Amino acid sequence: MPMASATFNAADQDAGIATTAQFTSNFPESSPIYEAPTTNADGDFTDSSSIDGSDIKMPMVEDGEKDVIEDITRLESQGGEQEPVVVRQGQPARNAGFLRSFSNVVCIIIGTGCLQIPYAFAKTGWIGVIIVVLSAFIGGYTGVLTIKCLYYQQGHRLHSFPQIGRAAFGRWGQYATQFFNYLYSLGTTCLYIILSGQFIYQLLSTVGVDLSKKVWMIIVALIIWIPVAILKQMSEAAVMAIFGLLASVVVIVVATVMSIAQPYTKMYPNEPPPGEDVAIAIGIPVALSSIVFSYSGSVVYPHVEASMRKPKQWPNVVYTAMTFCMVCYLLIGVSGYWAYGDLVVSPVLDSIPTGAPATIAKVMITLHVIIAAPIMLLTFFLEVEEGWQINAERLGKKREFIVRLVYRSVVVALVCAVSLAIPYFADFLSLISSIACVTMFAILPIVCYLKLYGHKIAPWYEKIWMAIVLVIGIIASIWGSVDAIKSLIRDVQEGGS
């Protein structure tokens, strides 16, 4: 893939920059903390490992399934050193291929964020195209760094962002990372419930269905609860992720085609054409926050990589996902801004003509949001279950199922209650997202990577790139927060008037 090649091949492997080759040399082909079996040259599982002529017999593994093994050691040969690795109980099987992993990442990243790209272009002018491309590079780069942080200790794999924070900065690093991580996961789920309820209300109120937005939000929460109660591991969400991906593609195709076919000048031939600009400096910081948010999804990366049959493919997965999202954003952004200029609104579906295509797009984006919400929640649940040791090995299958079902149901009920009860919650969530999403996307991966590996791991030109990413992240977080606060103040004033 050109985008990945440009990033990886230019790197200096001896200096330690995150290239594909170095990534695969620093990380085992199969994750030692998750699998007893080793992998062959193609990255597939085998039923035994042979290192330096010593055979360590392992249980037969078929179709990604593995027997529960505890206190089995395996030798990892890295740089001439060999360390025993303990294979822990209760870990997810690595049975997800490239497409399933790609779909999980894209389903979380792409969604309602794509509908605001044309509006972001209206704030920045055509320079927004550069911001979209740059943000894709940043997303791929920090996605690779995040997984490298999981493997910083030879022979051992961390499980989540909070563990990365603890390894890098101790207990307070873990608490801070957990705060941003869980705030993003649960807050975004609240936003999905709000948006889904609003979309369904708008669609069905026109045909005489007399139910309030809050009733639809409760119904959406119940729909989300079903897969949350059933799914146990990230790899089990693959079918949902693929459907969510296809729904997003339909939305983008409809919005793009309708924008080109029905631009503003054709809809309103007697009106003056909307304006367009090359660059609007004052709008760049706020639009930057929106575009960066549209690429956010880093909370799921450790769990997606943990389910991959071939972990060596992670750089390809994340860069392919970012490239796919970039192309989609450019399609909808360029066509929407070209068609409606500075008069485009967010979401862009409100700018295109009403009718069957617009309705289909709204139905598809609603389906996508409902599908993405359980996957987002699953990242939170997996980390809680890992920390609390909610697994069949410790509790037994029946008790483990009951405990998992009860606490997941309680969390969904609380998330729904928060979405219903807090006034102006969407504005609060925009403020939270500006801080949490950007921090998880652009800041924490670089800061933790440098702390775990040391600043000497990166050559001077990569350090410059890291500095640029950090500056972009800080700007996006600050200006996004300011814009969210202004929106909150405006809505409170309008509500009180």
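Student: What share of the contacts in the chain with a separation of 6 or more comes from residues 24 or more positions apart?

Tutor: In this predicted model, residues 24 or more positions apart account for 79% of those contacts. A contact here requires heavy atoms within 4.5 Å.

Student: What makes Tyr295 and Tyr329 a contacting pair?

Tutor: Tyr329 is listed among the residues that Tyr295 touches once neighbours within four places in sequence are left aside, and contact means heavy atoms within 4.5 Å, so the two have heavy atoms within that limit. The partners of Tyr295 also include Ile109, Val132, Tyr301 and Phe441.

Student: How do you know that Trp314 is buried?

Tutor: Trp314 belongs to the largest nonpolar core, which has 122 residues, and such a core is a set of buried residues; therefore Trp314 must have under 20% relative accessible area. Along with Tyr295, Tyr301 and Tyr329, Trp314 is one of the residues with the most contacts inside that core. Of the 497 residues of the chain, 53% count as buried.

Student: Why is the space of about 110 Å³ called a cavity?

Tutor: A cavity is a set of points where a 1.4 Å probe fits but cannot get out, so the space of about 110 Å³, the largest cavity, is one that the probe cannot leave. The structure holds three cavities of 30 Å³ or more.

Student: Which residues and elements line the largest cavity?

Tutor: Its lining has 14 residues, with Ile108, Ile109, Gly113, Tyr192 and Phe293 nearest the centre. Helix 3 (98-109) and helix 6 (161-205) each give two or more residues, and helix 6 supplies the largest share, four residues. By class, seven lining residues are nonpolar, seven are polar and none is charged.

Definitions and conventions:
Residues numbered from 1 in each chain as written. Predicted model: local features only at pLDDT ≥ 70, side-chain atom pairs only at ≥ 80, totals over all residues. Heavy atoms only, no water. Buried < 20%, exposed > 50% of the residue type's maximum accessible area, 1.4 Å probe, protein only. Core = buried A, V, L, I, M, F, W, Y, C linked by side-chain atoms within 4.5 Å. 1 Å grid on protein atoms, 1.4 Å probe; cavity = no way out; pocket = protein on both sides within 12 Å on 5 of 7 lines; lining within 4 Å. Points joined across faces, edges and corners; volume = space filled by probe spheres on them. Nonpolar A, V, L, I, M, F, W, Y, C, P; charged D, E, K, R; others polar.
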